[in-house]
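Hi,

Here is the structure I promised to pass on. Have a look at it first, and then read my notes below.

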Amino acid sequence: TTILVLNGPNLGRLGTREPEVYGSETLADIEASLRVGLPEGVELELRQTDDEGELIRWIHEAVDRGTPVVLNPAAFTHYSYGLRDAAALLKQAGVPLIEVHLSNPHARERFRHTSVISAVATGVIAGFGSDSYRLAVQQLLRIV
Ligand code: DQA
């Protein structure tokens, strides 16, 4: 099994980007800790992009490969209908998608209270810092 861990805009800046909100770990730190204790035969592919089209193409790739996805859509969460429609293709194909957030967007600015992705996600995990990713991977391994 391969799990794709996809990250949207500005998440490449983790570590120095608002550490009081997002923690002080970089995406590479998160990737390294996700790899610890992965069961035999489970591969993890972590990617980050600031580009909406690239993220959509990665979702299409996951649809075609049948690869379960952990997605932190970052700011695209709140307004990208293009990404939402791509995520709906995963749902249609029966490929699990877990939406994750480091912070709890509901406890923040109003524009973050809406996710256009959640309605087509299998589930959502938010507010636990990098543990959100770990919990999502753990749960994907239970359901695939
Ligand atoms: C985020 C929350 C989003 O509102 C924000 O735009 C991000 C990160 C999170 O992981 O907490 O870039 O998805």
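To start with something to look for: in which loop is the place of asparagine 10? Asparagine 10 sits in the loop between β1 and α1 (19-22). Keep in mind throughout that this is a predicted model. The backbone at asparagine 10 is worth a click, as its phi is positive, about 75°, although the residue is not a glycine. Asparagine 10 counts as partly exposed because 14 other C-beta atoms lie within 10 Å, and a residue needs 20 or more to be buried.

Another residue does something of the kind. Alanine 74, in the loop between β3 and α4, is not a glycine either, yet has a positive phi of about 50°. Is alanine 74 buried or exposed? Alanine 74 has 20 C-beta neighbours inside 10 Å, so it counts as buried.

Both of these turn up around the ligand, which is probably where you will want to go next. The residues surrounding the ligand are Asn10, Asn72, Ala74, Ala75, Thr77, His101, Leu102, Ser103, Pro105 and Arg112. Sorted by class, that shell holds four nonpolar residues, five polar ones and one charged one.

Now the overall picture. The protein chain has five helices and five strands, and from the N terminus on the order is β-α-α-β-α-β-α-β-β-α. The radius of gyration is 14 Å, close to the 15 Å the globule rule gives for 144 residues, so the chain is as compact as a globular protein of that length. If you are setting up a box, the C-alpha trace spans about 35 × 35 × 25 Å along its principal axes. Of the 144 residues, 35% count as buried. As for contacts with a separation of 6 or more, 77% of them come from residues 24 or more positions apart.

Next, the helices. I went through α3 (residues 52-65) with some care. With 14 residues at 1.5 Å a residue, α3 should span 20 Å, and its end C-alpha atoms are indeed 20 Å apart. Which residues of α3 are buried? They are Leu55, Ile56, Ile59 and Ala62. Looking down the axis of α3, these buried residues fall within an arc of 110°, so they line one face of the helix. The general reason is that an α-helix has 3.6 residues a turn, so residues three or four places apart point the same way. The buried residues of α3 pack against β1 (2-7), β3 (69-72) and α4 (81-93). On the face turned away from that buried side you will find the exposed residues Gly53, His60, Asp64 and Arg65. After α3 comes glycine 66, with a positive phi near 70°.

Helix α2 (residues 27-35) can be read in the same style. Its buried residues are Leu27, Ile30 and Leu34. Down the axis of α2 they fall within an arc of 60°, so they too line one face of their helix. What covers the buried residues of α2 includes β1, β2 (43-48) and α5 (131-143). Just after α2, glycine 37 takes a positive phi of about 75°.

Finally, two residues that link distant parts of the sequence. Valine 116 is in the loop between β4 (97-101) and β5 (123-126). Which residues does valine 116 touch, not counting those up to four places away in sequence? The answer is His78, Tyr79, Ser80, Tyr81 and Arg84. Valine 116 is also 9.8 Å from glycine 82, C-alpha to C-alpha, with the two positions 34 residues apart in sequence terms. Valine 116 has 18 C-beta neighbours inside 10 Å, so it counts as partly exposed.

The other one is glutamine 139, in helix α5. Leaving out residues up to four places away in sequence, glutamine 139 touches Ile98 and Gly123. Glutamine 139 and isoleucine 98 are 41 residues apart in sequence, but 8.7 Å apart in space, C-alpha to C-alpha. With 17 other C-beta atoms within 10 Å, glutamine 139 is partly exposed.

That's the handover. Over to you!

Cheers

Note on methods
Residues numbered from 1 in each chain as written. Predicted model: local features only at pLDDT ≥ 70, side-chain atom pairs only at ≥ 80, totals over all residues. Helix = DSSP H or I, 4+ residues; strand = E, 2+ residues; numbered from the N terminus. Expected span 1.5 Å × (residues − 1). Buried ≥ 20, exposed ≤ 12 C-beta atoms within 10 Å, placed from the backbone. Arc of directions from axis to C-beta. Contact = placed C-beta atoms within 7 Å. Near = placed C-beta within 6 Å. Nonpolar A, V, L, I, M, F, W, Y, C, P; charged D, E, K, R; others polar. Rg over C-alpha atoms; globule rule 2.2 N^0.38 Å.
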